[in-house]
Amino acid sequence: MASKATSAKLSVIKTYKLYVGGAFPRSESGRSLPVKAADGRVLAHISHASRKDLRDAIEVAHAAQPKWANATAYNRGQVLYRLAEMVQAREAECIALLCATGEISRTDARKEVALSIDRCVAWAGWADKIAVVLGGKQPVAGPYLVYSTPEPIGVVVAVAPEKNPLLGLLSVLLPALAVGNAVVLCGGHRNPLIAATFGEALATSDVPPGVANVLTGRVSELIPWIASHREVHACIAAGLSKPDAQALELGAAENMKRVTILDRDIDLADNAALHSPWIAERLVEVKTVWHPSAI
Amino acid sequence: MPDFEYAPAPETVPVEIAPRNGLFIGGQFVAPKSSKYRTTTNPATETALAEVAEANAKDVDLAVAAARKALKPWANMKATERAKLLFRVARRIQERSRELAVLETLDSGKPIKESRDDDVPLVAHHFFHHAGWCDKLAYAFPGARLEPIGVCGQVIPWNFPLLMAAWKIAPALACGNTVVLKPAETTPLSALRLAEILQECDLPPGVVNIVTGGPEAGKALVAHKGLNKVAFTGSTEVGKAIAATVAGSGRKLTLELGGKSPHIIFADAAIDQAIEGVVSGIWFNQGEVCCAGSRLFVEERILDTFIERLKARMRSLRVGDPMDKNTDVGAINSKEQLDRIQHYIKLGIDEGATPFECSTALPSKGYFCRPCLFTNVQPSHTIAREEIFGPVLSVMSFRTAEEAVARANNTNYGLSAGVWTEKGAKALEMAARLKAGVVWLNTFNRFDPSAPFGGYRESGFGREGGRQGLRAYLKVDGR
């Protein structure tokens, strides 16, 4: 017969894993971090990604990127739209996770999820249009056909801001994916539950394995390795501290990585700015092609 | 066949050069606070052309202050009026084009044929093109909030002295910025002549300031806290150092750096045209071109015949007096650069590649280097990896298109690429796969103010020219 102590059911305290190459590995370092509610109760643990986890994720992103880049823009748009459907389907869970650490109200959480779904839809729509805005045919003074076209830059590390865990990570992830890059997303750690579960949305949304990878843990610790890695071609980061931002730019100077740093106090609800194609401009390379035109 | 000799056809238009030249700050030519001057020489004759001020940090301070003072009125000037000033500059450049071409050739060593037909016409075109943008910026970035970036510090190289000045100044001014430009230490004269033209055109004082000098002036400028933006064209090594200087400062940066660009010849190419493309690709401007096609990949089954025909064409290249209108390859810009090129040629031989040079006689004075190609080059050889910035071509071969793409992309650079094939679909697919900012299909070394230019990876970032190039000189939505 069960004693009194075991008759009340214990809740399962989950340890969330990383999302790399379409699988859910633990950190190779074996490290994890507790996530606490406002009253100090431990809600769950997240994996605390290491330098090696980062390198592994970059490697799988590198391998997955050409196929994603070569998919038609129409196809990429549909996959991102599917991501919107997946976030919509997990609306209740997202709201619960956003509220779990007691930092925001249910009303604000509901608003954030609604904005997040809109952000997915907006970028799904950009996939087959951004080249029209960032590229074009050039009217040169000579008998040549000249066109410029934004090409995916390759592997992008996206660093999510601490505030607005869901909207924030989507704001740095979506522009990079829409233009055909593979992404390693680093979630913030104030409320990491969204980032830690976001792999589940990605896994069910037709984003090919390896194209979007999610690491959790402490971003500051990874900044020097993000900056110095030669197979990371660009980085888009929001909410970095000043020393982290400087370390990122300084490290990137050595390998000419393209760095986009969004203001720490950026208003993530500002659709005009965050649905703008100009956010994605350092996540592409504009290639200009010339050919003679003659009979 | 009779042996036709060319008679010399020297360009004889005299150009006055002041014996001593000051800095251009706040609309005036002023003596440098440093009180120092440097002699600029004609690299084709090793004779002195003039003394040019050597700016120090104090001079740079004054220039940045002048640009800051001029910023607000310039940014707030009615855009249509700003446009008219730039159109006026374009016209004056056209009117003084012969003088500018001669001056450019005297100071840089490039053939008069090129400064006359390529550099100076493109300079005028660049101002004309950007003049028209002044009042149309809102259409270039629909939906965005736009502002000028502010005061821009710009450092340019010696290979296209006036053209690089135009590439930097014209878009900056069109977008409402003011600038401090530092020309290369060996080629300051054409930028100073441009300053004269700006004075003539009544450009408001301080909108463009020109500080001549060497590395001291350059370092003081790129590190200056009074700037809002730094733009640099030059070597990847210096570009990285500048990026590190600017890191974390909040100042904007664009870099147009080195290259080791692949030039790919398929067996189904129009071979005669391809030969001309290769010649222009590596021997235009003595190969002192950041986007030079310095790695030649020839499909294996035509390799031998292609090289024979290329060698035959090399024999007809005329190397010598840059002021001679017949000259194809002029003088190397400086003794230092000539030494560097010769160091690489020796290294190529030492590492086991086979050199071929055309046998033309060289003038007894001046810094000259014969066009050179290397066969038996391995991808690991230094001459196949590092930018030489001279008339030296490394020839390699490939069997399949896949292999050509892989070898072409196997570099840290990514500025330009060339492909020759008569098959349209193949050309377009190659263009898509090559990692380079500019891809020339069945042509090479084409430039136009409306066509963005700039690199992938370690060839720098940002584009110059066209609507895309404007981005480098505007704050878009506050960024």
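A:Arg230 reaches across to B:Glu458 and forms a salt bridge with that residue, with 2.3 Å between the closest N and O atoms. Keep in mind that this is a predicted model. The count of salt bridges between chain A and chain B comes to four. Add to that the polar contacts: 25 residue pairs between the two chains, with both partners at pLDDT 80 or more.

So which parts of chain A supply the side that touches chain B? Helix H6 (130-134), strand E5 (144-152), helix H10 (242-255), strand E10 (258-262) and strand E11 (284-292) each put in at least two residues. The largest share is that of E11(A), with eight residues. Sorted by class, this side of chain A has 20 nonpolar, nine polar and ten charged residues.

Strand E11(A) has a partner over in chain B, too. It pairs with strand E18 (residues 438-441) of chain B, in the parallel sense and over three bridges. To find one of the bridges on screen, go to A:Thr288, whose bridge partner in E18(B) is B:Val438.

Now for the contact as a whole. Chain A brings 39 residues to it, and chain B brings 48 residues. People often give the size of an interface as the accessible area lost when the parts come together. Here, the area buried between chain A and chain B is about 3300 Å², and carbon and sulfur atoms give 53% of it. Which residues of chain A lose the most area to chain B? They are A:Met256, A:Trp278 and A:Trp290, which together make up 23% of what the chain A side buries.

Turning to the backbone of chain B, two asparagines are worth a look. B:Asn376 has a positive phi of about 55 degrees although it is not a glycine, and B:Asn445 likewise has a positive phi of about 55 degrees without being a glycine. Here they are side by side:

| Residue | Phi | Loop in chain B | Relative accessibility |
|---|---|---|---|
| B:Asn376 | about 55 degrees | between strand E15 (372-375) and helix H13 (382-385) | 51% |
| B:Asn445 | about 55 degrees | between E18 and strand E19 (460-461) | 8% |

Are these two buried or exposed? B:Asn376 counts as exposed because its relative accessibility is 51%, and the cut-off for exposed is over 50%. B:Asn445 counts as buried because its relative accessibility is 8%, and buried means under 20%. The loop that holds B:Asn445 runs between E18 and E19 of chain B, and E18(B) is the strand that pairs with E11(A).

Technical notes:
Residues numbered from 1 in each chain as written. Chains lettered and ligands numbered in written order. Predicted model: local features only at pLDDT ≥ 70, side-chain atom pairs only at ≥ 80, totals over all residues. Heavy atoms only, no water. Contact = heavy atoms within 4.5 Å. Buried area = accessible area lost by both parts, 1.4 Å probe. Salt bridge = Lys/Arg side-chain N within 4 Å of Asp/Glu carboxyl O. Polar contact = N/O pair within 3.5 Å; in protein donor to acceptor, adjacent residues only side chain to side chain. Helix = DSSP H or I, 4+ residues; strand = E, 2+ residues; numbered from the N terminus. Nonpolar A, V, L, I, M, F, W, Y, C, P; charged D, E, K, R; others polar. Pairing = 2+ DSSP bridges. Buried < 20%, exposed > 50% of the residue type's maximum accessible area, 1.4 Å probe, protein only.
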